[in-house]
Amino acid sequence: MVRFEHISKSYEGNPAVNDINFRVEKGELFGLIGPDGAGKSTLFRILTTVLLPDVGHAYFKDRDVVDDYRYVRRNVGYMPGKFSLYQDLSVKENLKFFATIFNTTIAENYDLIKDIYEQLEPFESRRAGALSGGMKQKLALSCALIHKPEVLVLDEPTFGVDAVSRREFWDMLKSLKAKGVTILVSTPYMDEAALCDRVALIQDGNILKINTPDGIIDQFGKQLYKVVTQHIYQALQALEKISDEWHAYSFGQEIHIYSSKSLNIADLKGQLVSMGIDDVQIEIGKPLIEDCFMDLMVSEKTEDYV
Amino acid sequence: MSDNLAIIATDLTKKFGDFVAVDAITFEVKKGEIFGFLGANGAGKTTAIKMLCGLSRPTSGQAIISGFDIYSQSELIKKNIGYMSQHFSLYQDMTIRENIRFYGGIYGLKSKDIKTRGSKLIQELELEDYADRFVGELPLGWKQKLAFSIAIIHNPGIVFLDEPTSGVDPITRRQFWNMIYKAAARGITVFVTTHYLEEAEYCNRVSIMVDGEMRDFDTPRELMKKYNKPTMNDVFLHMAVRSKRKGD
């Protein structure tokens, strides 16, 4: 459905994305996972024909997005990271405006947005600028869907959004997927990767890995240990003293350790207890996407900053 | 009044017309504590922080911040706190060194202190090679670490951090939290909001705001025990999902 082939783009000499290649299949919910500055928005802007790549080609249904930009715009819905609706038009006026631009009507495609737009209907006459953040997001999503696109591109829709609203938003994406919409979504929240069919982990303009969330975890390839203690900070410092051959870092109320060598749990526990971490428990654990991401970051790391 | 408390808030309330943005919140934060201030968008966090920083006058209630009264000594409060947010507040078209000098001056430090503390700060962040580069050229994670260091350059009693790690990569987020631990060990009280709920587990104590009220307030461990949830994320979802307010 969507292909990126050897895409590179720089801004004033600073590379934003380097030789990116991947494809998204019809009906997939595909996640681009990475921190700010990774290059997620650049890729989405190229796909949605608002930015030209320096090198490479992007395709929507085998049509080059540069040559066939009109076709792409008619059939792709795009929700940018920044709220881009008309603040001084009402909810209904915004939706009508976008429907008209795409030569359609609200009634014609109402099925697709019904579940989302229903929540906005009590505020139909309110100016978009006066809506709360969550409501703006729902309106933006409705406007991106009103021309019944085959592909929906969402740039960080959950950035800065609280955990409850994030969960609601992902529920909306799941029901859109069930209606056959192909979805590309970007997010800096690693835990959202698990909600996608496949993900690309991206950092500093390079794709670190593409796979299903489970596939990425299976490829971690090292044993991960969880250290539980009330004294996280002291334990981290102790672990740093004991060895520099492993990666040890805090993860919520635990410390995660992994190493290419296998660890003797009893020995390590003894060492930590002797260093004053007397309540320590160590067990084998399963890595999360965030563990995989950090491991890939460390092994890929060349230069921080040019 | 107790000397080891950085914040004492009693029935602190802010109304906008009929709308009660912050509804009689009462809590205390100890000196040197890392305090996580959690809540859904629209729960009233930002309004509460503005009152605590002396930027917005409460409708009713009391608060003492670093020993200063929120009504009569708001200017002294501003001098004795640090603040940084996800919206990057340094000047992008000034160099690292210029930003340090500028903010040091704003916070009323002597030139001599600005020089010594500034050099130390640059050294600790390992930014020696970039000190004369524009801040706008730095990657986001570095900017946020720099903004935090500058927000505490005047050794404030309290630093307020409003979603400081939003969008920052997972390794840099952990480095950022190490800096928070160090600041707290120096005696600086850290008041932090975040949407990454595993970060809430790094706090000494957290509060959860729902619809303008402070619904609960304890150590993360006790909250997880009380609500019988394995993570703070689950605790948060459990509490905030019953919110009546929708929104920002």
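This tour moves through a predicted model, one selection at a time.

**Chain A as a whole**

Start with chain A and show it as a cartoon. It holds 10 helices and 14 strands. Turn it along its principal axes: the C-alpha atoms fill a box of roughly 70 × 45 × 35 Å. Chain A has 306 residues, and 53% of them count as buried. Now think about how the chain folds back on itself. Take the contacts in chain A between residues at least 6 apart in sequence: 69% of them join residues at least 24 apart.

Next, colour chain A by domain. The assignment gives domain 1 as residues 2-217 and domain 2 as residues 221-286. Over C-alpha atoms, the centres of these two domains of chain A are separated by 40 Å.

**The nonpolar cores**

Move to chain B. Select B:Ile34, B:Ile96, B:Leu146, B:Phe148, B:Leu161, B:Met232 and B:Phe236. Within the largest nonpolar core, which has 57 residues, these seven touch the most other members. Then select helix 6 of chain B, residues 170-185. This helix gives the core its largest share, seven residues. Another core lies apart from that one, with 53 residues. Among its members are A:Phe98, A:Ala144, A:Leu152 and A:Leu201. In soluble globular proteins, nonpolar side chains tend to be buried together.

Zoom in on B:Phe236. Which residues does B:Phe236 touch, not counting those up to four places away in sequence? From chain A come A:Asp162, A:Ala163 and A:Val164. From chain B come B:Leu38, B:Gly39, B:Ala40, B:Leu197, B:Ile208 and B:Val241.

**Rings**

Show Phe, Tyr and Trp side chains in every chain. The count of aromatic pairs over all chains comes to 25. One of them joins A:Tyr249 and A:Tyr258. Their ring centres are 6.3 Å apart, and their planes make an angle of 70 degrees. That makes the pair edge-to-face. Are these two tyrosines buried or exposed? A:Tyr249 is buried, at 10% relative accessible area. A:Tyr258 is buried too, at 2%.

For a group of rings, go to chain B. Select B:Phe27, B:Phe35, B:Phe37, B:Phe160, B:Phe191 and B:Phe217. They form one aromatic cluster.

Now look for charges over rings in chain A. Select A:Arg3 with A:Tyr59. A:Arg3 lies over the face of A:Tyr59, 4.3 Å from the ring centre. Then select A:Arg166 with A:Tyr189. Here A:Arg166 lies over the ring face of A:Tyr189, at 3.8 Å from its centre.

**Salt bridges**

Side chains of opposite charge can pair when their charged atoms come close. Over all chains, the count is 28 salt bridges.

Begin with A:Glu118 and A:Lys114. Their side chains meet in a salt bridge, 3.2 Å from N to O. A:Glu118 is partly exposed, at 37% relative accessibility. A:Lys114 is also partly exposed, at 34%.

Next, select A:Asp171 and A:Lys174. They form a salt bridge whose closest N and O atoms are 3.8 Å apart. How far apart do they sit in helix 6 of chain A? They are three residues apart, so about one helical turn separates them. That helix covers residues 163-178. Both count as partly exposed: A:Asp171 at 44%, A:Lys174 at 43%.

Cross to chain B and select B:Lys78 and B:Glu75. This salt bridge spans 2.9 Å, N to O. Both residues lie in helix 2 of chain B, residues 74-79, three residues apart, about one turn. B:Lys78 is partly exposed, at 32%, whereas B:Glu75 is exposed, at 51%.

A network comes next. Select A:Glu290, B:Arg173, B:Arg174, B:Glu198 and B:Glu199. Salt bridges with shared partners join them into one network.

**Last stop: B:Arg186**

Select B:Arg186. Where is it? B:Arg186 sits in the loop between helix 6 and strand 8 (189-193) of chain B. B:Arg186 is exposed, with a relative accessible area of 51%. Beyond its neighbours within four places in sequence, B:Arg186 is in contact with B:Ile152 and B:Asn155. Finish by adding B:Thr95, which is 91 residues away from B:Arg186 along the chain. The C-alpha atoms of B:Arg186 and B:Thr95 are separated by 27 Å.

How values were computed: Residues numbered from 1 in each chain as written. Chains lettered and ligands numbered in written order. Predicted model: local features only at pLDDT ≥ 70, side-chain atom pairs only at ≥ 80, totals over all residues. Heavy atoms only, no water. Core = buried A, V, L, I, M, F, W, Y, C linked by side-chain atoms within 4.5 Å. Buried < 20%, exposed > 50% of the residue type's maximum accessible area, 1.4 Å probe, protein only. Helix = DSSP H or I, 4+ residues; strand = E, 2+ residues; numbered from the N terminus. Contact = heavy atoms within 4.5 Å. Phe/Tyr/Trp six-rings, centres within 6.5 Å; stacked < 30°, edge-to-face > 60°. Lys NZ or Arg CZ within 6 Å of the ring centre and 35° of its normal. Domains from an automatic or database assignment. Salt bridge = Lys/Arg side-chain N within 4 Å of Asp/Glu carboxyl O.
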